[in-house]
Amino acid sequence: MKKITVEYGVDSVTKQVESGFTFGDLQESDAFKAALGYGDNTKALVNGIEQNRGTLIPDGATVRLETAANTKA
């Protein structure tokens, strides 16, 4: 288990997550979505750098979620 802090807008929540928890797991997590009120189209940033969905979230990380801009085909 590891502890992470997730920020979205002016809200933040700190929770324990499984050791194999990735940025993609976070973005799809119903528990975090309910707590912070974000939708499906987000990007995860650590220190302002966008993270790959498959990357493991390190223990103690502060992750900032932002709404991703829609792209046109």
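Begin by selecting β3 and β5 in this predicted model: the two strands run antiparallel and are joined by four bridges. Two of the partnerships can be picked out by residue. K43 has E66 of β5 as its bridge partner, and T42 is bridged to T67, also in β5. Colour β3 by accessibility next: the strand is mostly covered, with four of its five residues buried.

Keep β3 on display and add β4. These strands are likewise antiparallel, with two bridges between them; L45 has E50 of β4 as its bridge partner. Now select N47. The hairpin of β3 and β4 has two residues between the strands, and N47 takes a positive phi near 55° there.

Widen the view to the whole sheet. Five strands make up an open sheet with mixed pairing, and the order across it is β2-β1-β5-β3-β4. At the edges are β2 and β4 (residues 49-50), each of which pairs on one side only.

Next, show nonpolar side chains. In soluble globular proteins, such side chains tend to be buried together. Here the largest nonpolar core contains 17 residues, and V6, L26, F32, I57, V63 and L65 have the most contacts inside it. At least two residues of this core come from each of β1, β2, α1, α2, β3 and β5 (62-67). The greatest contribution is that of β1, with three residues.

Centre on L26. Apart from neighbours within four places in sequence, L26 is in contact with V6, F21, F32, Y38, I57, V63 and L65. Three of the aromatic residues in that list, F21, F32 and Y38, lead to the next stop.

Select the aromatic rings. How many aromatic pairs does a search of the whole structure find? It finds two. In one, Y8 and Y38 are tilted, with 5.7 Å from centre to centre and 55° between the planes. Y8 belongs to strand β1 (residues 2-8), whereas Y38 sits in the loop between α2 (30-36) and β3 (42-46), so this pair ties together parts 30 residues apart in sequence. Y38 is buried, at a relative accessible area of 5%.

The other pair, F21 with F32, is also tilted: the centres are 6.3 Å apart and the planes make an angle of 45°. F21 is found in the loop between β2 (11-17) and α1 (23-28), and F32 in helix α2, so the pair links parts 11 residues apart in sequence. Both F21 and F32 are buried. Add K15 to the selection: K15 lies over the face of F32, at 5.2 Å from the ring centre.

Move along helix α2 to K33. Is K33 buried or exposed? The relative accessibility of K33 is 17%, so this lysine counts as buried, the cut-off being under 20%. Leaving out residues up to four places away in sequence, K33 touches Q27, E28, Y38, G39 and D40. Y38 thus appears among the contacts of K33 as well as among those of L26.

Finish at A69, in the segment after β5. With a relative accessibility of 65%, A69 counts as exposed. For a last distance in the viewer, select the C-alpha atoms of A69 and G37: these residues are 32 residues apart in sequence and 17 Å apart in space.

Terms used:
Residues are numbered from 1 along each chain as its sequence is written. This is a predicted model: local features need pLDDT of at least 70, side-chain atom pairs count only at pLDDT 80 or more; totals for chains, interfaces and linings use all residues. Side-chain values use heavy atoms; hydrogens and water are left out. Rings of Phe, Tyr and Trp (its six-membered ring) pair if their centres lie within 6.5 Å; planes under 30 degrees apart count as stacked, over 60 as edge-to-face and the rest as tilted. Buried means under 20% relative accessible area, exposed over 50%, partly exposed in between (1.4 Å probe, protein chains only). A charge sits over a ring if NZ of Lys or CZ of Arg is within 6 Å of the ring centre and within 35 degrees of the ring normal. A nonpolar core is a set of buried Ala, Val, Leu, Ile, Met, Phe, Trp, Tyr and Cys residues joined through side-chain atoms within 4.5 Å. Contact means heavy atoms within 4.5 Å. Two strands pair if DSSP finds at least two bridges between them.
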